[in-house]
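The following exercises introduce a protein model through its sheet, its core and its aromatic rings. Please study the sequence and the structure before reading each solution.

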Amino acid sequence: MFRSIKAKITIISVFISLTVTLLTVSFFYYIFDSNLRKNLIQSTEFALQMTMNTITENINQLLYLSDWGNHAEFVYQFLTSNSENKLVKLNAYQRMKEEYDTNKAHDYLLRLMIGNQNNRFIQEIKFVSDSSNKDYEKATQADYFSTLLFSPDLTWIGFVEDPLYPSGTRQIIPVIRPIYHRYNTSIVGWTYLTISSDLLLDALSQYPITEGNQLYITFGEKTYLYENQSFFEYSFSDIQPIRTKGLYQGTTLYTITAPDGSKATLVRYPSVLNGWYLSQSISDTQLHSQQKTYRLILCIILLLSLSLGAILAFSLYRIINNPVAQLQKKMQEISKGDFSYEAAIEWNNEFGEIGRGINSLSTNIVQLMENRISAEKQQKELEYQVLQSQINPHFLYNTLNSIKWMATIQNATGIAEMTTSLSRLLKSISKGTRQVISIREEIELLKNYVLIQQYRYGGIITVTYQIEDNIFDYLIPKFTLQPIVENAMFHGIEAKGGSGEVKIAISKNTWLEQPGIYIEVTDNGIGMSKELIEQVLSESPQEIQHDFFRKIGINNVNKRIQFYFGEHYGISIKSELGKFTTMQIQLPCRNINDLSEEEKSQNRINKEE
């Protein structure tokens, strides 16, 4: 089923835009929700901390009075004296009153009483109407008196009804601490404090509580709900701790069910007072109400992003549609045979690159077609020339054979050998189309050529061979050694004047971490300069003479070796002026058995000829 690329791009653009938008909105929503909850918890912790510190500071001020009796000398004398000395009692009372009046939190202390088991006591009260002649009896007979007095540590029992309040009821926080003997652990008296609930009410009335949230205070293993300037004993139901820690050390978080039945988060802040906690609930309704505005903003962002994505998709569709249509039209024209150059499809963008490629392709096709036609014409001409040239080698073979038999009959052995060598050499040149032969065949061809040249030079040039026996079946490009030996004779030894020697050494060697054939052709001629060596290896076809053998120059041989076997192989030259020149040839170890069946067949045909 055909599907337009333009439609795919549009769908992908919309999909990516929608995905990125949803991921972004979800991420920021998560971040906002986390930060909102965290900020609410942190602000709640801060408010709880400030309020709890105020409460703790006032209570600590009052608790100082509960321990003061253990250090006050007049009080100790009053409690331990066996006589009813009024001066001792007066001194003790005055010291107690001084401490009461100078205490910063004395406004919240309804009663400060110091007494012993012998019905001896002194007290300071906030309101005169609270005093009666039964204060000592009511205080010592209170249900909590013995519990608090004999507790090893300071103990809180929560709010209790004031047993010494003469009219009605009043909630107080009682504190009773023992006064010990100076020289042993016996109790000689006690200090009784009646702390007003106003201490907590005044502190909590300043607390910034929002609608839907509740404030709780816990002490004496009892929790009280603060509401409408009153305290109500309360017990949490379905309370579960949350692992997330608060901002301040010791703060804990819980999930609870609020009095109205809704779920809420409880933030509990501890006091340095043992067993005291101040807690506030944060209702989920409050969180959701603050999230509404942000949700609206996120929805607007989502709609804007989708709109921008749609605009982007439409723009991409328009930008891509026109170039693609023109490119399709041009491709259809090419398929119908119109290879003309079209400048309109070469834009300054990626589609323009495709357009330029199409134009280049059209131009190349036209050029290729023209080259193909020209090549076919040249091929026809060459085939005709080949037909003509086939007559000449056979005519020369027959003529040379006739000359050889005539020389043999006349006992002219030199003419016969030279004619035979020339005949074989011409036969090697003309027969077959193989470009790669065995080293054995190449040596035979070279020997025929050397024999002719030795007769020409009258034997002043000698050629010696040093060839390992196991390398004759390895391959070498045809006419590799002959041009090199020819250069050694003509340009090395002949230019020197006098006799000379050419040494040919072929062996198997190792380089490039692989075994290979290593050939050296060395003459003792005039040598070559570095400039001449570079010129010979870079010789261009225009600089080569037209003689057949000279036409196959050193550079040509080097290029053919690299063409057949790779750039790692070829010719290198070492020379010293006036002494020697060595042509070094490196070939791979490729055996004649590695030839294809077609090449082997051609080789057999050549041998039969």
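**Exercise 1: A sheet and its edges**

Strand β4 (residues 171–180) pairs with strand β5 (residues 187–196) in the antiparallel sense over nine bridges. Strands here are DSSP runs of E with at least two residues, helices are runs of H or I with at least four, and both are numbered from the N terminus; two strands pair if DSSP finds at least two bridges between them. This is a predicted model, in which local features need pLDDT of at least 70 and side-chain atom pairs count only at pLDDT 80 or more, while totals for chains, interfaces and linings use all residues. Residues are numbered from 1 along each chain as its sequence is written, and side-chain values use heavy atoms, with hydrogens and water left out.

Task: determine which strands stand at the edges of the sheet.

Solution.
1. Within the β4–β5 pairing, Ile173 stands opposite Ile195 in β5.
2. The open sheet has five strands, in the order β2-β1-β5-β4-β3, with antiparallel pairing.
3. β2 (121–125) and β3 (160–161) each have a single partner strand, so they stand at the edges, with one side of each left without a neighbour in the sheet.

**Exercise 2: The largest nonpolar core**

Task: state which helix gives the most residues to the largest nonpolar core.

Solution.
1. A nonpolar core is a set of buried Ala, Val, Leu, Ile, Met, Phe, Trp, Tyr and Cys residues joined through side-chain atoms within 4.5 Å. Buried means under 20% relative accessible area, exposed over 50%, and partly exposed in between, with a 1.4 Å probe and protein chains only.
2. The largest core has 54 residues; Ile55, Leu200, Ile217, Phe219, Phe231 and Trp276 touch the most other members.
3. Helix α1 (residues 5–68) gives the most to this core, namely 12 residues.
4. A second, separate core of 40 residues includes Val450, Phe472, Val485 and Met489.

**Exercise 3: Rings around Phe159**

Task: classify the ring pair of Phe159 and Tyr224.

Solution.
1. Rings of Phe, Tyr and Trp (its six-membered ring) pair if their centres lie within 6.5 Å; planes under 30 degrees apart count as stacked, over 60 as edge-to-face and the rest as tilted.
2. The ring centres of Phe159 and Tyr224 are 4.9 Å apart and the planes stand at 70°, so the pair is edge-to-face.
3. Phe159 lies in the loop between α5 and β3, and Tyr224 in strand β7 (residues 222–227), 65 residues apart.
4. Tyr224 has 3% relative accessibility and therefore counts as buried; Phe159, at 7%, also counts as buried.
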